[in-house]
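Student: Got a minute to go through a model with me? I'd like to start with how two of its helices pack.
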Amino acid sequence: MALAPTVSSEDDKPKAPASVSDDNVSAAEGQFDVVGANFDARPEALQSLTREEVQLMNKKLVRKIDLVILPIIGLLYILNYIDRQNLAAAKLQGILEDLHLSTQQFATAVSILFVGYLPFQIPSNLLITKISRPGLYICTAALIWGGISAATAAVKSYQQLLAVRAILGIVEAVFFPGAIYYLSAWYTKTELGKRIAGLYIAQQVGNAFGGLFAAAILGLDGIHDIAGWQWLFIIEGSATVGIAGICAFIMPEFPHNSRILSETERALAVWRIESEAGAAEGTENETLVRGFANALSDPKLWFLIFCNLLSQAQGSIANYFPTIVASLGFNRTISLLLTAPPYVLAGFVYYGLMFYSDRKNTAYPLIVGCISLSIVLYIILLTTQNIGALYFSMLLLPFASVGPQLLMYKTINLHLARPIAKRAVASALVNALGGTSNIWASYLYYAPPHFYAAFGTLAGAAALFIATITLYRWFVRRENKRLDSGDPVQIEKVKKGGVTDEMVQLGWRYEMY
């Protein structure tokens, strides 16, 4: 999203955003465009401050919320991902033998989590827009899913495992779309990308150290007549319960009612978001039903849902990554250890991608670049038997296949910003419907080491992803041309997609594409 002062020309046509230059470079970190352009429109609490004082306060505010929000969100996401993915590590520690599971039954146990996880994201994200303490809501969910995860150690049959996994998915549905929405309530367009990257880096830390932790827990196998996979669920689930309980007392609310901010800081925090999207949390009264209807009627949402479905299909490798690495022929401990480097590398690449995206205000070329690389990697995995080449492809695949998801979530929160309820619904719908690919993709990972069904399908999905995101690029660029035209008829067509009068007056445009 871009902003510019409202400038009247002879024909009173809205001008293109002043912040978008030919190279599409966005504002610097810790700044937001309207500090200079609309400074006279600052809130009453900031009226006594000079422009320089507001800019300095803004930088301090960003650092403050970074130091409080990001560690909490990141830690909870590490725990979320570990608790969701530890079944993959348990496979290497004997859960199939102890519960007498077939390969297909295990695949069903993996995929059934998403049966609860996906549909419950939508009502949860609708609810979070009306809750004054979203931090407490998210942390309470984390505490509950930690208990459920620990209870997995007590299952004695396939049916019990399915029941626990389904319930776990329902409770974990609160976190990811809620966290993305929560971050978008605090950060501007020049800041949001790197914070989403931070969330995904936490995911990679969970993946990397989850494997290392699982390898260490192997040493507990048999102690007190408890199997290694049972210890895995007990320890990781109990850790989640304890940490979530602590975070519940310190995680902030929304900017307008945050207890960690002074009155002046709250006014600035709200103004930052209002100045980009025309409204911030706590300033709109649109009903949940209206927000849901607005989201469903926007064609951009369906483009992004389909793109995310194709993207999350590729992300399904995380559910089977220990199995994919184990296909190289190493023992259980070495296989778990070898899962760590790809995720560590992915964390660094994620930050680089989003830093560049924020700095250059771009997304499309980065998405296409990552997906093109993933196609090459799938071909290598399908065709070679060289261990070095296979592991090299596995090393790069996590960031190449999952990296575009970061840019997709940034796109969702910037291109579907208003109304606020619509943004919350859109974020949940994209993740929920897109995540259905995790269900059917779970049945593709067989016939190692090449996994022909999986990698062949994912290569085709990647090619279709490139075509779809290119069509989306054409669509939003057409909308920008309509806004640039100044023709009231053309502008009304764009407003049907969620662009408001306030956004038009601010010079808002669809950016990054």
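Tutor: Sure. This is a predicted model. Start with H5 and H19, which are roughly antiparallel to each other.

Student: What angle and axis distance does that rest on, for H5 and H19?
Tutor: Helix H5 (residues 121-128) and helix H19 (residues 420-434) pack at about 160°, and their axes are 8 Å apart. Angles over 145 degrees count as roughly antiparallel, so the pair gets that label.

Student: Which hand does the crossing of H5 and H19 have?
Tutor: Right-handed, as H5 passes H19.

Student: And which residues of H5 and H19 meet?
Tutor: On the H5 side they are Gln-121, Ile-122, Asn-125 and Leu-126. On the H19 side they are Ala-424, Val-425, Ser-427, Ala-428, Leu-429, Asn-431 and Ala-432.

Student: How many of the residues in that contact of H5 with H19 are nonpolar, polar or charged?
Tutor: Seven are nonpolar, four are polar and none is charged.

Student: How many residues of H5 are buried?
Tutor: Six of the eight, so H5 is largely enclosed by the rest of the structure. Those six are Gln-121, Ile-122, Ser-124, Asn-125, Leu-126 and Ile-128.

Student: OK, zooming out. How many helices and strands does the protein have?
Tutor: It has 23 helices and zero strands.

Student: What share of the protein is buried?
Tutor: Of its 513 residues, 60% are buried. On contacts: taking those between residues at least 6 apart in sequence, 81% join residues at least 24 apart.

Student: Which residues touch the most other members of the largest nonpolar core?
Tutor: Leu-76 and Ile-469, in a core of 168 residues. Helix H2 (residues 51-91) gives the most to this core, namely 15 residues.

Student: What does Ile-469 touch?
Tutor: Leaving out residues up to four places away in sequence, Ile-469 touches Cys-307, Tyr-364, Ile-367, Val-368, Met-408 and Tyr-513.

Student: Now backbone oddities. Which peptide bond is cis?
Tutor: The one from Pro-448 to Pro-449 is cis, with omega near 5°. Pro-449 sits in the loop between helix H20 (437-441) and helix H21 (452-485).

Student: What else is in that loop between H20 and H21?
Tutor: Leu-444, for one. Its relative accessibility is 15%, and the cut-off for buried is under 20%, so Leu-444 counts as buried.

Student: What does Leu-444 touch, beyond residues up to four places away in sequence?
Tutor: Ala-453, Ala-454 and Thr-457. Leu-444 and Ala-454 are 10 residues apart in sequence, with their C-alpha atoms 4.7 Å apart in space.

Student: Back to the torsions. What is phi of His-100 and of Asn-361?
Tutor: Phi of His-100 is near 55°, a positive value in a residue other than glycine. Asn-361 is also a residue other than glycine with a positive phi, near 55°.

Student: Where do His-100 and Asn-361 lie?
Tutor: His-100 is in the loop between helix H3 (95-99) and helix H4 (103-117). Asn-361 is in the loop between helix H16 (340-360) and helix H17 (364-383).

Student: Buried or exposed, for His-100 and for Asn-361?
Tutor: His-100 is exposed, at 68% relative accessible area, whereas Asn-361 is buried, at 3%.

How values were computed. Residues numbered from 1 in each chain as written. Predicted model: local features only at pLDDT ≥ 70, side-chain atom pairs only at ≥ 80, totals over all residues. Heavy atoms only, no water. Core = buried A, V, L, I, M, F, W, Y, C linked by side-chain atoms within 4.5 Å. Buried < 20%, exposed > 50% of the residue type's maximum accessible area, 1.4 Å probe, protein only. Helix = DSSP H or I, 4+ residues; strand = E, 2+ residues; numbered from the N terminus. Contact = heavy atoms within 4.5 Å. Axes fitted to C-alpha atoms, helices over the stretch in contact; angles between N-to-C directions. Parallel < 35°, antiparallel > 145°, perpendicular 65-115°, else oblique. Left-handed = near helix turned anticlockwise from the far one by under 90°. Nonpolar A, V, L, I, M, F, W, Y, C, P; charged D, E, K, R; others polar.
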